[in-house]
Structures are given as C-alpha cells and as structure tokens.
Amino acid sequence: MKYFLLPVVLAGMLLAGCSSNPNAIEPNDLPDFDASYKVKRLWKEGVGDGVEESQLTLRPAVTQQQVFAGDVFGEVYAVSRDKGKRQWRVKTEDRIGGGFYAGYGMLLYGTREGMAVALSMESGEELWRTQLSGESLAIPNSNGTIAVFQTQDGHVTALDANTGDQVWDYETPVPTLTLRGLAQPAIADGRVYAGFANAKLAALDADTGVPAWEQRIAEPTGRSELDRLTDVDGNMIVEGGGVFAVAFQGKLAVADQINGRQYWGKEMSSAQVISASGGRVFVADDRGVVRSVDQRTGSVLWQQDKLYGRRLTGTAVQGDLMVVGDFEGYLHWMDADDGTLVARKRHDWDGFAGTPVSYEDTLYVLSYDGKLAAYTVRPK
C-alpha cells in the first residue's frame, strides 16, 4: 500500500488557517515598510468553493483572453481575462487536484480518481477523458500533439491531444512516503521534463517517452522516512540550456538540458512553485525565506526573511517585481533586484488555493475559498 504525507509545517503546503501542531514555526508579524507601489484590483469573481479542507493546491490557468479556475469538487469556470466576466461554468463532479492547463483549445486537469480530462476552452464541453494509473495531482501540460499527465505512483503518461488515447507511459519507482502533490511536467525542444518524489529529474522524448537522461538533484538524508523526503513538487523551469528545479529537504539545482549533468546545487527546501526572470531564479522556502539565485552560478543574490513562518505560496514574477502570498491572505510584492518589500494587499482572509499566476504584468489569484481576482501594480 502507498502512503502519502503532507507535512504542513515543513512544506508549507497548507496555505490557509493556523496549524495546531506544537512544533509549528511561529509566524512573523506583518512587517512594516514604506510602500513604493500601489496595488489595484481589476476585478473579483467567485469560482466555486476553492480547496476547502482537501489539503490540495489548485492553480488557475491564464490565456490571452480567458482565465480558467474551479474547485476541488468539480466546478470549472471560464471568465474573461480583462473584466472577470463569467463565460461558462461546468459542474463535472470530478475531484480535481493540482490545477489547470489551458492551450490549443483544450482545458486539461487531473483528478484524485486518476482521470485525465480535456474540456473545450470555448464552451466547457468535455472532449475526452482517460483513466490513468493513479491519482493525478500535477498540473498537466501539452504541446498541442500530446497531453502529458503525471500520477502519484511515479508514472508520466502522454495522451493523444485530440483523442485522449495513450501514446506512451514512463514509470519510475517512488518512495513509500511522499508529499501529496506533484510537479507540473515541462515540455521543450521535443522533450518532456518531469520531476519525482525521489528527487529525480527525467528528460523524456516527447514522441516515444524514451528517457534521454535521468538525474537526481538531491540525496535523501536522515534516519526516518520523514527526514528522507526529497520530493520535487513545485515545477521545472527550462531556460538558457538548463532545467531548474527545487526539492523538498534537498536542493535548488540546475541540470544540463541536453545531457542532465548537474551544474550546481544549492542547499534549499521547498515544495512550492519557483519562477525566473533576468537570469535569476526566485524561491520561497518552507520556512518563509525568499531568495533570488543567480542562474549561472547558483549564488544567492539576496534573501528576504521578514515573512519567516508565514507559510508562503510559491513565487511569481510581475514585471520588475516578485510576489508571494501568505497564510493570512496577504500578497507581498518585492523588488526583484534586491528583495525590498514594496507593496502589500490582502486578497482574502482565508489564504490561497495555490501560487498566483502572472500574465502580461497582471497577477491572477485564487483564494482558499474560491475567490478569483486580478491585480496590477504601479509605482506611487
């Protein structure tokens, strides 16, 4: 039998509410600072009941015209990106986990019952559904030819994007104990890049699923299974010839995109989404410390610890700023060059369903209880 563990205090995976764990990190109070940017909310719309007590994340998908979001009970919504006006709503009754991918006319998501589902972006009509090998909590991905899903049991499966038929399946062993969540596969230059619960990255041929290389970015340490958790759960960034990823209780590392050779690894622990801009990678670790890391050398350019213990979301880049959310529903903007706090806005009292999504300098945010909103920032 496979067991999953969600270490709330360490991984920061629960983004709302207060932990009753006696070993929980005491969160810092909201830091004082002189705001140099003004935040404007463009619109706000209800899109279901969010993630509630599921202990899952649920990230929206954004395209040029639309924002897609929903809840863990199967309600799926499409709203206009400019005004947040509802375009359609579908009640699927699927138990959705992870979040949504939108592109090539399809809205993709996976379910806790291991179902891969494709809906029409235009109408919400179901295009196809395919049974996978296990629980699918990763955001899917697609290149228009294949739709790639990853399941909790160590499988990466490519389906025909038009029919949902299986094209190939790759499997790797995973530890008995893992975090309950998965990294979104990345697709670039004819390959699918995937991260696993054993801190392994794999580059798979997009046509055949045959691995071009496999590389561990961290080795488990400690005596207990809990101490040895080293999951890659956030995402991978394929940029500048490298594949960047971070492992929980492991490292932030970069592997050569062609052969998998690790260039550098920096001791760090996070199960959250990372982001990149201007030759830097931005990471919010499981204790609430945010860092900017040089992509070429792995050197830490700055770190911001004023949000320590505030159970942060992953990072998103919005123009020249970097932003995270915390467990009390605050969004915190930082100068991407030096980490200085420059703006703050409370989105919702209950925290966030997942990491915010930035698209063309607008930030799209889904709250723990299903409030979707769009924000812009500008200098005062």
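These legends go with a set of close-up views of one predicted model.

**View 1. The largest pocket and what lines it.**
The largest pocket in this predicted model has a volume of about 1000 Å³. Its lining takes in 42 residues, and the closest to the centre are Arg59, Ile139, Gln184, Asn235 and Val273. Several strands give two or more residues each to that lining: S4 (61-62), S8 (96-103), S21 (237-239), S25 (275-277), S29 (316-318) and S33 (357-359). Which strand gives the largest share? That is S8, with four residues. Sorted by class, the lining has 24 nonpolar residues, 14 polar ones and four charged ones.

**View 2. Strand S8 and its two neighbours.**
Here we zoom in on S8, the strand that gives the pocket lining its largest share. S8 is mostly covered, with eight of its eight residues buried. On one pairing, S8 meets strand S3 (residues 58-59) in the parallel sense, over two bridges. Look for Leu58, which stands opposite Gly98 in S8, and for Arg59, whose bridge partner in S8 is Gly99. Arg59 also turned up in the pocket view, among the residues closest to the pocket centre. The other pairing joins S8 to strand S9 (residues 106-111), this time in the antiparallel sense and over five bridges. One spot to find there is Tyr101, which has Leu108 as its bridge partner in S9.

**View 3. The turn between S8 and S9.**
S8 and S9 form a hairpin with two residues between the strands. Keep an eye on Tyr104 in this hairpin, as it takes a positive phi near 55°.

**View 4. The five-stranded sheet around S8.**
Step back a little and S8 sits in an open sheet of five strands, in the order S3-S8-S9-S10-S11. The pairing in this sheet is mixed. In general, strands of a sheet pair through backbone hydrogen bonds, and they can do so parallel or antiparallel. Why do S3 and S11 (126-131) each have one side without a neighbour in the sheet? They stand at the edges and have a single partner strand each, so nothing in the sheet flanks the other side.

**View 5. A four-stranded antiparallel sheet.**
This open sheet runs in the order S21-S22-S23-S24, and its pairing is antiparallel. The edge strands are S21 and S24 (262-268), each pairing on one side only. On average, and ignoring direction, neighbouring strands here are turned by 15° against each other. S21 pairs with strand S22 (residues 242-246) over three bridges, in the antiparallel sense. To find that pairing, look for Ile237, which stands opposite Phe244 in S22. S21 is also one of the strands that give two or more residues to the lining of the largest pocket.

**View 6. Thr151, a loop residue.**
Thr151 is found in the loop between strands S13 (146-150) and S14 (155-160). Is Thr151 buried or exposed? Its relative accessibility is 1%, so Thr151 counts as buried, since the cut-off for buried is under 20%. The side chains of Thr151 and Ser133 are joined by a polar contact of 3.3 Å.

**View 7. Gly354, another loop residue.**
Gly354 lies in the loop between strand S32 (341-346) and S33. With 6% relative accessibility, Gly354 counts as buried too. How far apart are Gly354 and Val324 in sequence and in space? They are 30 residues apart in sequence and 10 Å apart in space, C-alpha to C-alpha.

Conventions:
Residues numbered from 1 in each chain as written. Predicted model: local features only at pLDDT ≥ 70, side-chain atom pairs only at ≥ 80, totals over all residues. Heavy atoms only, no water. 1 Å grid on protein atoms, 1.4 Å probe; cavity = no way out; pocket = protein on both sides within 12 Å on 5 of 7 lines; lining within 4 Å. Points joined across faces, edges and corners; volume = space filled by probe spheres on them. Nonpolar A, V, L, I, M, F, W, Y, C, P; charged D, E, K, R; others polar. Buried < 20%, exposed > 50% of the residue type's maximum accessible area, 1.4 Å probe, protein only. Pairing = 2+ DSSP bridges. Axes fitted to C-alpha atoms, helices over the stretch in contact; angles between N-to-C directions. Polar contact = N/O pair within 3.5 Å; in protein donor to acceptor, adjacent residues only side chain to side chain.
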